[in-house]
2 protein chains.
Amino acid sequence: MTRDTYRVSFQPDGRSVFVLHGSKLVEAAGRAGIILNTPCGGEGSCGKCKVEVLDCALEPSQADLRHLSEEEIARGVRLACQLEVDRDIVITIPESTRMFEQVVLTESIDHAITPDPQVRKAYLEIAETDSTDLRSGVDRLKDALHAEHNELEIDLPRIRQLGTAMNSGACKLTAVLNGAKIAGLETGDTRGSLWGVAFDIGTTTVVGYLVDLKSGHRVGLASRTNPQVHFGDDVVSRINYVEKHEHGLEELSSRIVTCLNDIVLELADAAQIDPAHVYEVTAVGNSTMTHILLGIDPSSIAHAPYVSVFSQSAEVEARSVGLEVSESAILHVLPNVAGFVGSDTVGVILASQMTHRDEVCLAVDIGTNGEVAIGNRERLIACSAAAGPAFEGARIRHGMRAAEGAISKVMIDEAIECNVIGGGRAAGICGSGIIDALAGLLNAGIIEPTGRMVGPGGLPAGLPDAVRRAVVSLDGQNAVVLVDSHASKTGEPVLLTQRDVREVQLAKGAIRAGIEVICTEFGLKPTEVTRILLAGGFGNFVRRSSAKRIGLLPDVPTSRIEFIGNAAAAGARMALACRNCRGEAEEIGRRTEYMELANMADFQALFAEHMVFPEG
Amino acid sequence: MTRDTYRVSFQPDGRSVFVLHGSKLVEAAGRAGIILNTPCGGEGSCGKCKVEVLDCALEPSQADLRHLSEEEIARGVRLACQLEVDRDIVITIPESTRMFEQVVLTESIDHAITPDPQVRKAYLEIAETDSTDLRSGVDRLKDALHAEHNELEIDLPRIRQLGTAMNSGACKLTAVLNGAKIAGLETGDTRGSLWGVAFDIGTTTVVGYLVDLKSGHRVGLASRTNPQVHFGDDVVSRINYVEKHEHGLEELSSRIVTCLNDIVLELADAAQIDPAHVYEVTAVGNSTMTHILLGIDPSSIAHAPYVSVFSQSAEVEARSVGLEVSESAILHVLPNVAGFVGSDTVGVILASQMTHRDEVCLAVDIGTNGEVAIGNRERLIACSAAAGPAFEGARIRHGMRAAEGAISKVMIDEAIECNVIGGGRAAGICGSGIIDALAGLLNAGIIEPTGRMVGPGGLPAGLPDAVRRAVVSLDGQNAVVLVDSHASKTGEPVLLTQRDVREVQLAKGAIRAGIEVICTEFGLKPTEVTRILLAGGFGNFVRRSSAKRIGLLPDVPTSRIEFIGNAAAAGARMALACRNCRGEAEEIGRRTEYMELANMADFQALFAEHMVFPEG
């Protein structure tokens with residue numbers, strides 16, 4: 001194979017990159033800063049990464065032949081994940097193939113917390129040398145801080161710093177204290193600058209909050225799509241990548257660290273502060289995300305009995321994982337409960353304050369995995385339901401994330417009406433829209449409780465004409481047209497197909513079965529739970545009545561269902577601002593009883609039972 | 001200046017190196033592996049680094065003209081420290097210019113210690129994954145070790161290792177435990193290999209001992225000249241180098257670390273073990289040496305009030321300072337007392353066990369600095385006397401270290417008789433020889449109590465002819481020929497000059513004044529001390545009667561003077577093999593009262609008083 005270099009140009013962006021012979025196009029796009037939508041992890045199985053190759057007749061791959069129509073192939077459409085560059089090419093990337101930035105949920109519960117961060121600053125002056133003062137530098141330092149802090153620890157890098165300071169005549173210093181440890185020494189009085197960043201590292205979306213550690217106030221927010229989505233859209237495909245590639249772990253680690261650094265820079269820019277004055281970082285995420293962040297092989301999570309390598313909280317020097325913040329900053333990763341119940345769930349439980357109550361709360365966090373937790377002051381139980389990414393729009397024919405152009409709400413009355421995020425034309429449909437559509441189609445009798453979609457020939461009587469016309473048959477399966485081709489953004493109709501309904505059944509069946517299992521273990525019926533807390537990026541967009549209609553949530557009065565927004569991130573912020581919260585998180589991690597659904601004899605039956613939709 | 005490269009060839013070694021135009025010859029020699037004797041630190045002030053440049057007439061430097069005779073200059077002799085290479089040259093290095101490896105004192109007090117090292121190993125098997133065992137890897141590890149160890153700590157690199165082990169199916173592991181910390185994880189059962197190394201880092205000589213941590217037995221010894229001697233022969237010139245050169249500290253640190261690694265390799269080779277199975281390293285040294293080893297700026301030690309940056313013991317990952325031992329090894333540096341009373345003195349006190357006794361011991365450690373400590377169970381006092389390197393042969397006309405060819409013993413009777421280390425011809429004289437010679441010359445009346453050397457014209461009556469003939473006048477000063485030119489190794493006579501006597505007076509005056517000061521502070525006359533312990537590389541060679549004769553030691557019965565050999569190293573070994581000893585060392589560091597002689601009003605008077613020799 002010749003190792004020549006080819007130019008790849010991207011339209012309409014106008015960007016070009018040079019790549020070696022044989023490089024994958026999806027990689028070339030990444031190098032040009034264009035992130036493509038590859039939910040299947042670039043394995044050629046989802047058919048989502050369509051691009052158009054201009055002015056050149058490339059041989060279609062097997063995956064192309066499977067996923068693309070003859071017309072598309074003739075037009076030069078190919079799957080980017082399968083395309084290996086062997087010549088100079090010009091590529092057009094359709095909107096639908098680009099990774100949309102999700103509409104990130106920024107609102108969430110925030111509790112009034114008296115700020116008491118782990119990291120503090122203390123100003124001191126090391127006495128000018130006088131000939132009768134024979135104390136060593138370290139003793140002078142400890143004595144100067146003694147009033148407040150008894151048994152101080154100081155490590156070698158800090159002793160070195162002290163030596164340099166002493167010998168350059170710098171006697172006015174600010175000590176950065178992490179608990180009883182002297183984590184840093186700065187010249188002069190820098191007590192005014194004391195910042196922290198809390199991260200919520202989702203499989204799909206990463207959010208960071210800048211917090212003023214002096215006041216405990218949140219002063220900024222920034223988010224990014226998790227750049228690991230290149231390697232697959234769920235945790236199992238990320239772990240597969242780690243297992244199959246020698247440097248896979250390093251690759252994924254460095255991607256997420258770069259992403260976190262970008263977020264810190266954006267936060268620092270916006271707040272006009274120096275990233276070197278960020279002294280503490282907390283992070284929550286599912287166990288796979290936090291294992292990868294810390295450079296720990298997560299493979300055991302993907303294989304029975306699905307255990308994590310570590311579960312207690314981890315505290316490391318932020319610099320040691322590559323975070324570009326203060327040299328003395330500590331990264332504190334909240335504890336996880338099990339391989340599939342991570343520190344994000346611990347964050348949700350912490351922020352929900354369910355452990356402070358007598359009444360029983362059920363928290364449901366629907367992300368790529370659905371974590372469910374139930375508890376009160378007495379007891380805590382959690383499980384993870386392998387929902388799959390259907391509610392995030394993946395594996396759904398026209399599914400997309402909750403981004404501009406996504407149908408987020410569907411009402412079926414005289415006709416089918418859709419609300420589109422951003423108010424423009426629809427490009428696809430996101431999770432809340434899918435739930436709405438299913439609820440409406442169930443009510444209209446177009447979908448039966450078994451999940452079967454009725455075809456154009458068998459529709460119930462009395463359906464409005466506009467609705468009746470929307471039901472079509474396509475490639476041998478029934479489907480419903482939500483938005484016509486002439487009204488859509490892409491020029492193609494936005495559809496919900498029979499196969500899409502099956503995907504949703506799998507997802508909601510898993511989550512609902514999880515809810516049943518842990519309620520039973522707790523000794524309650526799901527309808528007896530006092531409050532149901534809906535957390536996660538998904539929560540705030542969904543209609544509670546629709547979620548009950550499709551059976552995702554139990555049939556309780558709607559007023560008992562509360563949205564608590566991005567509670568995982570709220571938990572990370574609490575751990576950042578307050579040491580007690582950190583201890584509380586540690587206790588939640590330790591106390592929470594984990595139920596491994598895969599080990600339960602009757603789980604499959606329960607799962608099958610809840611794949612069925614409730615009767616009207 | 002042209003930056004051409006020249007070849008420098010060394011005879012009789014036959015080695016060549018290429019160096020850039022302008023490089024110092026002393027550096028070129030270093031690169032060829034030949035260490036030259038440069039006690040003045042290469043400043044051209046001692047005239048010891050004579051080399052002969054063959055077949056080429058180089059312009060002599062100012063220092064050459066000061067230190068070399070006309071005949072030498074004509075012959076091509078130059079000082080290596082002043083010579084800048086500006087052409088291809090061939091160099092002959094006379095024996096006297098080479099750095100001799102000192103005869104290292106290997107014998108020392110060794111106490112029977114029940115081995116109880118800080119570092120231990122524990123074998124464990126992480127249960128094969130079974131589907132009902134949902135514990136995380138860390139919990140499995142902790143549970144497996146739980147029987148012996150309660151609150152275990154594990155850090156990120158070890159969690160990473162554990163993840164890798166779990167996911168590669170390695171379930172038989174050996175944990176390396178440092179106290180309550182899991183310092184390492186090894187595959188399989190490696191409990192059989194548990195080694196440690198104890199270092200004594202002297203200004204001039206570095207000694208390392210290999211210890212079997214299972215039995216506490218010493219199994220090997222290796223030593224090197226401290227490669228920092230290039231930068232000067234006392235701690236102050238090393239500190240000057242650090243202060244004057246931007247990367248001076250890094251340079252000196254890396255030299256000593258390389259030296260320690262060489263010693264580890266030699267020890268490991270000889271014992272047929274893997275250096276990766278060295279799990280613990282302890283070190284003692286004067287404060288400047290340990291500051292430099294740890295990369296801490298020692299400058300404050302050289303300036304009033306002469307304080308060190310740290311004084312408590314330091315414990316760091318051995319790898320973090322560059323030691324090539326086990327990844328999990330800890331380097332433990334014993335505490336120092338003050339800028340000029342280092343962990344070597346703490347080691348001497350520890351090994352002498354003086355703190356276990358009711359009787360009062362006085363320990364004198366004569367190295368480049370003379371440290372003096374007095375104490376018993378109740379109280380400990382120490383001071384440091386700036387003796388200078390005279391007793392190590394530096395600043396003495398024909399002085400040399402206690403190496404082969406050195407006169408180590410001198411008897412003056414009918415003639416002057418000398419014992420030479422190794423039994424061959426004399427090349428110079430070392431410390432114990434100098435003390436003997438002075439004692440003999442004092443007894444013979446050739447040196448007066450004031451230190452004045454009587455000239456050939458004023459010799460006392462009754463001197464044997466052979467002795468009388470040995471007294472000569474040379475370059476305006478009186479001198480005594482110890483070995484004739486025809487009997488010496490160099491072809492030149494080995495002399496002791498008036499100036500040499502003055503150097504010894506300075507050295508012994510300082511040490512003796514220190515002894516007086518701390519005895520007075522302790523409330524005793526020096527003659528009332530029960531035991532005088534003579535430690536250090538120097539101790540074992542000196543004749544006790546001669547040391548008393550010149551007034552270096554107080555006039556006590558000779559039986560009260562004991563040699564305890566390299567007690568500093570013995571202390572480092574004790575700290576390696578036994579945790580209690582380490583705690584004891586910490587307490588010695590804390591308890592020892594330090595007297596700063598420079599601050600004492602009457603020290604100069606006392607010093608002057610003790611420069612005078614006792615009457616016969």
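## A strand pair in chain A

In this predicted model, V483(A) has V494(A) as its bridge partner in β24(A). That bridge belongs to a longer match, for strand β23 (residues 477-483) of chain A and β24(A) pair in the antiparallel sense over four bridges. Strand β24 covers residues 494-497 of chain A, and its two faces have opposite surroundings: V494(A) and L496(A) make up the covered face, whereas L495(A) and T497(A) make up the uncovered one. The residue V494(A), which bridges to V483(A), therefore belongs to the covered face of β24(A).

## An enclosed strand

Strand β16 of chain A, residues 361-366, has six of its six residues buried, so it is largely enclosed by the rest of the structure. The side chains of this strand divide between two directions, with C361(A), A363(A) and D365(A) pointing one way and L362(A), V364(A) and I366(A) the other way, and all of them are buried.

Which strands pair with β16(A)? One partner is strand β17 (residues 370-375) of chain A, which is joined to β16(A) in the antiparallel sense over six bridges; in β17(A), A373(A) is the bridge partner of A363(A). These two strands form a hairpin, with three residues between them. Another partner is strand β25 (residues 531-535) of chain A, which pairs with β16(A) in the parallel sense over five bridges, and here the bridge partner of D365(A) is A535(A). As background, strands of a sheet pair through backbone hydrogen bonds, either parallel or antiparallel.

## An open sheet

Chain A also contains an open sheet of five strands, arranged in the order β2-β1-β5-β3-β4 with mixed pairing. Strands β2 (15-20) and β4 (77-79) of chain A stand at the edges and have a single partner strand each, so one side of each is left without a neighbour in the sheet. From one strand to the next, the twist averages 35°.

Within this order, strand β1 (residues 5-11) and strand β5 (residues 89-92) of chain A run parallel and are joined by four bridges. One example can be found by looking at S9(A), whose bridge partner in β5(A) is V90(A).

## Chain A as a whole

Taken together, chain A has 16 helices and 27 strands. Its radius of gyration is 27 Å, close to the 25 Å that the globule rule gives for 616 residues, so chain A is as compact as a globular protein of that length. Along the principal axes, the C-alpha atoms of chain A fill a box of roughly 100 × 65 × 45 Å.

Of the 616 residues in chain A, 54% are buried. Among contacts in chain A with a separation of 6 or more, 67% are between residues 24 or more positions apart.

## The nonpolar core and the contact between chains

In soluble globular proteins, nonpolar side chains tend to be buried together. In this model, the largest nonpolar core has 348 residues, and the members that touch the most other members are L438(A), L482(A), L438(B) and L482(B). If neighbours within four places in sequence are left aside, L438(B) is in contact with I447(B), V501(B), V504(B) and I550(B).

The contact between the chains takes 40 residues from chain A and 40 residues from chain B. On the side of chain A that touches chain B, the elements giving two or more residues are α4 (137-145), α5 (156-167) and β14 (314-317) of chain A, and α5(A) gives the largest share, eight residues. Sorted by class, this side of chain A has 17 nonpolar, 16 polar and seven charged residues.

## Unusual backbone geometry

Most residues other than glycine have a negative phi, and most peptide bonds are trans. Where, then, is a cis peptide bond found in chain A? One joins A304(A) and P305(A), with omega about 0°, and P305(A) is found in the loop between α8 (287-293) and β14 of chain A. In chain B, a cis peptide bond joins A304(B) and P305(B), with omega about 5°, and P305(B) lies in the loop between α8 (287-293) and β14 (314-317) of chain B.

Positive phi values also occur in residues that are not glycine. D475(A) has a positive phi of about 50° and sits in the loop between β22 (471-474) and β23 of chain A, where it is exposed, with 8 other C-beta atoms within 10 Å. For Q353(B), phi is positive and near 55°; this residue lies in the loop between α9 (343-352) and β16 (361-366) of chain B and counts as partly exposed, with 13 C-beta neighbours inside 10 Å.

Methods
Residues are numbered from 1 along each chain as its sequence is written. Chains are lettered from A and ligands numbered from 1 in the order in which they are written. This is a predicted model: local features need pLDDT of at least 70, side-chain atom pairs count only at pLDDT 80 or more; totals for chains, interfaces and linings use all residues. A nonpolar core is a set of buried Ala, Val, Leu, Ile, Met, Phe, Trp, Tyr and Cys residues joined through C-beta atoms within 7 Å. A residue is buried if 20 or more other C-beta atoms lie within 10 Å of its own, exposed if 12 or fewer, and partly exposed in between; C-beta atoms are placed from the backbone. Two residues are in contact if their C-beta atoms, placed from the backbone, lie within 7 Å. Ala, Val, Leu, Ile, Met, Phe, Trp, Tyr, Cys and Pro count as nonpolar, Asp, Glu, Lys and Arg as charged, and the others, Gly among them, as polar. Two strands pair if DSSP finds at least two bridges between them. Axes are lines fitted to C-alpha atoms, for helices over the stretch in contact, and angles run from 0 to 180 degrees between N-to-C directions. The radius of gyration is taken over C-alpha atoms; the globule rule is 2.2 Å times the number of residues to the power 0.38.
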